[in-house]
Amino acid sequence: EARCRLFMDSKGGAWYASIASRFKFIEDYTIKTMGVSVHNDGQVRCYYNPEFISILPIPELRAVIIHEIQHIL
């Protein structure tokens, strides 16, 4: 839902949404929050702890996704 809301944001959200749509999102209970990495094949993987994202309100999760995108940029 947070990624979908990026498309509706009039302040650059669609741009972030197009970047996020290229990420491979992977559940990972060994990390505390969320993190990204770029692999040799060019794939960007976004690892997230489901327990962490389940407690965030959608607007805050949206901001965290943007934050992770900015790490790659």
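The largest pocket holds about 150 Å³ of space. This is a predicted model. Its sheet is open and has 3 strands. Helix 4 packs on that sheet and also gives the most to the pocket lining.

**Largest pocket**

- By class, the lining has 8 nonpolar and 2 charged residues, with no polar ones.
- Glu1, Ala2 and Arg3 are among the lining residues.
- Phe25, Met34, Tyr48 and Ile53 also line the pocket.
- Ile58, Leu61 and Ile65 complete the list.
- Helix 4 contributes 3 residues to the lining.
- Helix 1 (2-8) and helix 4 each supply at least two lining residues.

**Sheet**

- The strand order is 1-3-2, and the pairing is mixed.
- Strand 1 (24-27) and strand 2 (34-38) are the edge strands, each pairing on one side only.
- From one strand to the next, the twist averages 25°.
- Strand 2 pairs with strand 3 (residues 44-48) in the antiparallel sense, over 5 bridges.
- Opposite valine 36 stands cysteine 46, in strand 3.

**Helix on the sheet**

- Helix 4 covers residues 58-72 and touches strand 2 and strand 3.
- The direction of helix 4 makes about 30° with that of strand 2.

Methods
Residues numbered from 1 in each chain as written. Predicted model: local features only at pLDDT ≥ 70, side-chain atom pairs only at ≥ 80, totals over all residues. Heavy atoms only, no water. Pairing = 2+ DSSP bridges. Helix = DSSP H or I, 4+ residues; strand = E, 2+ residues; numbered from the N terminus. Axes fitted to C-alpha atoms, helices over the stretch in contact; angles between N-to-C directions. Contact = heavy atoms within 4.5 Å. 1 Å grid on protein atoms, 1.4 Å probe; cavity = no way out; pocket = protein on both sides within 12 Å on 5 of 7 lines; lining within 4 Å. Points joined across faces, edges and corners; volume = space filled by probe spheres on them. Nonpolar A, V, L, I, M, F, W, Y, C, P; charged D, E, K, R; others polar.
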